[in-house]
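Reader: I should like to learn how the packing of secondary structure and the contact between chains may be read from a model. Please take the features one at a time.

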Amino acid sequence: MVLDVKNVTKNFRGKGKTNVIANDNITFHINEGEIFGLLGQNGAGKTTLVNQIVGLITPDHGEINLLGKSVKEYPERARSICSVQPQSQVPLGFLTPRQAVSIMGKMRAGKNYDPKRLDMLFESLGMGEWADKEGEKLSGGARRLAAFCMAVIVPGQLVILDEPTNDVDPVRRRYLWEVIRNLTKVGTSVILVTHNVLEAEKAVDRVAIVHKGKIVKQGTPSEIKSSVNNQMRMELNVNKTEKLVVPEWALTSHQNGMRWIFQVESSHVSSAIEWASGEVNMGNVVDYSLSPTTIEDAYIELTSNKVVVSS
Amino acid sequence: MSILSEFKYVFQMQFLRSAGFLVFMALIQILISIGIVIGFTYLIPTPDKQSILFLATGAPTIILIFTGLVILPQQVGTSKSDGYMEFMRTWPVKRSTILGADTSIWLLITIPGIVVASVVAHLMFSPGYDVSWTVVPALLMIALTSIGVGYGFSYLLSPTTSLALSQVIVFGALMFSPVNFPMDRLPEWLQAVHEILPIYSMAEVMRASLAASTFDASMGNYINLLIWCVLGYGGAIFILNRK
């Protein structure tokens, strides 16, 4: 076991004398070579949890052990075991990605630093054109990728990636997932913090859904999905949003612009198809599809009891 | 990894990250220090040697105050706001190494300004420099105090508060501190304040090492600097290690 988090609770003092519980009795572990996803909405307590794992803040209660030793007692050891890509952009200033990544590599590995890995990483991520440009002149995506490379140039036994794909274009996102998957082949474990649930579903081995400081569910993606078992997902593209009345059989509905997603009980599939065909004939719906539940559906159901409407 | 290697890599990271800015700041400091030596003489209708010596031996102190208590807190404030400070705290090195590397960089960029101002003052006015061997330890001590105090308050306070404080300091150090003129010109209450604050001691120690035959620094000045230096770095290390 690489990481063992037991009953961790962390409170922060809010405005006045209010108390904000950022993490509430959180327990999980990560095995060697595993990609573990921490999913949750903004402010769910994911980054606070990560900061405690690296030893930047101390839990009020509970214990965190990295490779069998307490993070609280050995914070410097924790920082050498974990390599971190922070959630915020790393301001590189006048550093080029090549300089930043190679210096970080040397800081981690000293004389054992292998400069070939830098070339390999930059090639895998299609970073050639940016490698020798000053950080200030780079786009958000390029800087994010440079920060990712800084975290994985000489990966610790645990690599922590906080929203690594933010700002990154779809093609390089795929490259990035490949690099992450390759890390685990040499036994590195990865914590992936994200609120991009669909992307995470394809990448993670196990996942914990964090909501209001608590882990509301953890397991493999299929275990998580089974919590909303026997359900189907209907996806529709509509002509005009205001015309659509959410049908009774929809367990949850989620709107994103012209796209609607309904959760449907398997027993209601035929009524759903009938309804959708009717809507298509009336010209309210452009097209529809039915598919098994995704982890996003489970996530929405677990983190919200009400109908979610986002635009 | 040895502490020396750790230091080397942290220094490289910090120096290259700010390289363009540091060169620019070093140039600005050269201009400011020359400005103090030459520009302030315009304020005095017929400056005597004593006044010019005060200005010439005060300029290096102003440079060190400006670097440690004004530019540095502004940079720390930016690092705090943009998340770089939090990122540095995840590095696999000792926190004191980061502080040491940063201190060395700040120290380095003050040197051109101090050297150029002193040479210019000597060539233009020959104010009566009498450089003692103590100039190196004195400069180090003043720089460390200034940088340490700058770190201390900029780590402790919010970026906005430390920015405001640094503005007050630069104005106060130039106009209301006995750096470029003798202490007895100030009102008594301000003299009492300067007995506690480190600025007066910095100026006295610098003067005593640049014009050893004209000025003396008391043991009290050195002790004052030492206390402020320890308080500053202590505060900075406390904040860096705070969980």
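**Helices, contact, sheet and a single residue**

Author: In this predicted model, helix α5(B) passes α6(B) in a right-handed crossing. Helix α5 spans residues 95-125 of chain B, and helix α6 covers residues 135-156 of chain B.

Reader: At what angle do α5 and α6 of chain B pack, and how far apart are their axes?

Author: The angle is about 125°, and the axes lie 10 Å apart. The pair α5(B) and α6(B) is therefore classed as oblique, since an angle between 115 and 145 degrees is neither roughly perpendicular nor roughly antiparallel.

Reader: Which residues of α5(B) and α6(B) meet?

Author: From α5(B) come B:L99, B:T103, B:W106, B:L107 and B:T110, and these meet B:A143, B:I147 and B:Y151 of α6(B). Sorted by class, this contact has six nonpolar and two polar residues, with no charged ones.

Reader: Let us turn to the contact between the chains. How many residues does each chain give?

Author: A general remark comes first: the size of an interface is often given as the accessible area lost when the parts come together. Here the description is by residues, with 22 from chain A and 23 from chain B. On the side of chain A that touches chain B, α2 (75-81) and α3 (97-109) of chain A each supply at least two residues. The largest share of that side, five residues, comes from α3(A). By class, the side of chain A that touches chain B divides into twelve nonpolar, six polar and four charged residues.

Reader: How should the sheet of chain A be read, and in what order do its strands lie?

Author: One reads the order across the sheet and then looks for the edges. The order is β2-β1-β4-β5 in an open sheet of four strands of chain A, with antiparallel pairing. Strands β2 (19-30) and β5 (69-70) of chain A are the edges, each pairing on one side only. Within the sheet, β1 (residues 3-13) and β4 (residues 61-66) of chain A run antiparallel and are joined by five bridges. A:D4 stands opposite A:N65 in β4(A).

Reader: Finally, consider one residue. Why is A:A272 classed as partly exposed?

Author: A:A272 has 19 other C-beta atoms within 10 Å and is therefore partly exposed, because a buried residue needs 20 or more. A:A272 is located in helix α9 (residues 269-282) of chain A. Leaving aside residues up to four places away in sequence, A:A272 touches A:M234, A:W249 and A:V264. A:Y299 is 27 residues from A:A272 in sequence, and their C-alpha atoms are 22 Å apart in space.

Conventions
Residues are numbered from 1 along each chain as its sequence is written. Chains are lettered from A and ligands numbered from 1 in the order in which they are written. This is a predicted model: local features need pLDDT of at least 70, side-chain atom pairs count only at pLDDT 80 or more; totals for chains, interfaces and linings use all residues. Two residues are in contact if their C-beta atoms, placed from the backbone, lie within 7 Å. Ala, Val, Leu, Ile, Met, Phe, Trp, Tyr, Cys and Pro count as nonpolar, Asp, Glu, Lys and Arg as charged, and the others, Gly among them, as polar. A residue is buried if 20 or more other C-beta atoms lie within 10 Å of its own, exposed if 12 or fewer, and partly exposed in between; C-beta atoms are placed from the backbone. Two strands pair if DSSP finds at least two bridges between them. Axes are lines fitted to C-alpha atoms, for helices over the stretch in contact, and angles run from 0 to 180 degrees between N-to-C directions. Angles under 35 degrees count as roughly parallel, over 145 as roughly antiparallel, 65 to 115 as roughly perpendicular and the rest as oblique. A crossing is left-handed if the near helix is turned anticlockwise from the far one by less than a right angle, and right-handed if clockwise.
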